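Reader: Please justify the labels attached to this model, setting each value against its criterion.

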Amino acid sequence: MTAQLPTVQFYEGILESIDNVSLRRNADTGERTVLLMFKQLKAIEAFQSFRSQFSKALKLTDEEGVITIEPSGIRFIFGGDEGDDLERVECTLTIDREDHWERFMRFMHRYAEANGMAYGEPPSS
């Protein structure tokens, strides 16, 4: 049996690529926040989102199954000379249960390994 490659989808059947991930934990509440960054979204290229069903959640799929999580926020960051070039999309996920966090981290380790991503501490200022 071959392991399923980890995938990320906002819209059914349109696979997206995570470009960066930031993991944060509130020291006071212990709440964990994940910031997923996408340099582009295939769902909005050529209006593919109009031809596919919006899942109302981010679907993360790997060999353990599907994680469906509703983002707590999505930001579209534009730039360029006219301010209309999509620079990136930031998707914020809030994970409050320990078992959900552990499952998410197993997914992220598989996703990172399959996509050549590596963990690194942010540069100190």
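Reader: Why is glutamate 90 called buried?
Author: Its relative accessible area is 10%. Buried means under 20%, exposed means over 50%, and partly exposed lies in between (1.4 Å probe, protein chains only). Glutamate 90 is therefore buried, with 10% set against that limit. The model is a predicted one, in which local features need pLDDT of at least 70 and side-chain atom pairs count only at pLDDT 80 or more, while totals for chains, interfaces and linings use all residues. Residues are numbered from 1 along each chain as its sequence is written, and side-chain values use heavy atoms, with hydrogens and water left out.

Reader: What makes the pair of glutamate 90 and arginine 88 a salt bridge?
Author: The closest N and O atoms of the two residues are 2.8 Å apart. A salt bridge requires a side-chain nitrogen of Lys or Arg within 4 Å of a carboxyl oxygen of Asp or Glu, so the pair qualifies. Arginine 88 is partly exposed, because its relative accessible area is 28%. Side chains of opposite charge can pair when their charged atoms come close. In the chain the count by this rule comes to 11 salt bridges.

Reader: Which residues are joined into one network by salt bridges that share partners?
Author: The network holds Asp62, Glu63, Glu64, Arg103, Arg106 and Arg110.

Reader: How do you know that arginine 103 and glutamate 64 meet in a salt bridge?
Author: The N to O distance between their side chains is 3.6 Å, and the pair therefore meets the criterion of the salt bridge. The two residues come from distant parts of the chain, 39 residues apart: arginine 103 belongs to helix α1 (residues 98–114) and glutamate 64 to the loop between β5 and β6. Helices (H or I, at least four residues) and strands (E, at least two) are DSSP runs, numbered from the N terminus. Arginine 103 has 14% relative accessibility and therefore counts as buried, whereas glutamate 64, at 39%, is partly exposed.

Reader: What makes glutamate 12 and lysine 59 a salt bridge?
Author: Their closest N and O atoms lie 3.1 Å apart, so the distance criterion is met. This pair, too, links distant parts of the chain: glutamate 12 sits in the loop between β1 (7–11) and β2 (14–16), lysine 59 in strand β5, 47 residues apart. Glutamate 12 counts as partly exposed because its relative accessibility is 43%; lysine 59, at 17%, counts as buried.

Reader: Why is isoleucine 69 called buried, and which residues does it touch?
Author: Isoleucine 69, in strand β6 (residues 65–69), has 15% relative accessibility and therefore counts as buried. Not counting residues up to four places away in sequence, isoleucine 69 touches Ala57, Leu58, Leu93, Thr94 and Ile95, where contact means heavy atoms within 4.5 Å. Between isoleucine 69 and leucine 93 the C-alpha to C-alpha distance is 7.5 Å, with their positions 24 residues apart in sequence.

Reader: What makes Asp81, Glu82, Asp84, Asp85 and Glu87 a negative surface patch?
Author: Asp and Glu count as negative, Lys and Arg as positive, and His and the chain ends are not counted. A patch takes residues with over 30% relative accessible area and no salt bridge, joining like charges within 9 Å and nonpolar side chains (Val, Leu, Ile, Met, Phe, Trp, Tyr) within 5 Å. Glutamate 82, in the loop between β7 (73–79) and β8 (85–95), is exposed because its relative accessible area is 68%. Glycine 79, in strand β7, is buried at 10% relative accessibility. Beyond its neighbours within four places in sequence, glycine 79 contacts Asp84, Asp85 and Glu87.

Reader: Which residues form the nonpolar patch on the surface?
Author: Ile44, Ile74, Phe76 and Phe78 form this patch, with about 360 Å² of accessible area together; areas come from the Shrake-Rupley method with a 1.4 Å probe, and for residues only the protein chains shown count as cover. Isoleucine 44, in the loop between β4 (32–38) and β5 (54–62), is partly exposed because its relative accessibility is 38%.

Reader: How many helices and strands does the chain have, and what share of its residues is buried?
Author: The chain has 1 helix and 8 strands, running β-β-β-β-β-β-β-β-α from the N terminus. Of its 125 residues, 34% are buried.
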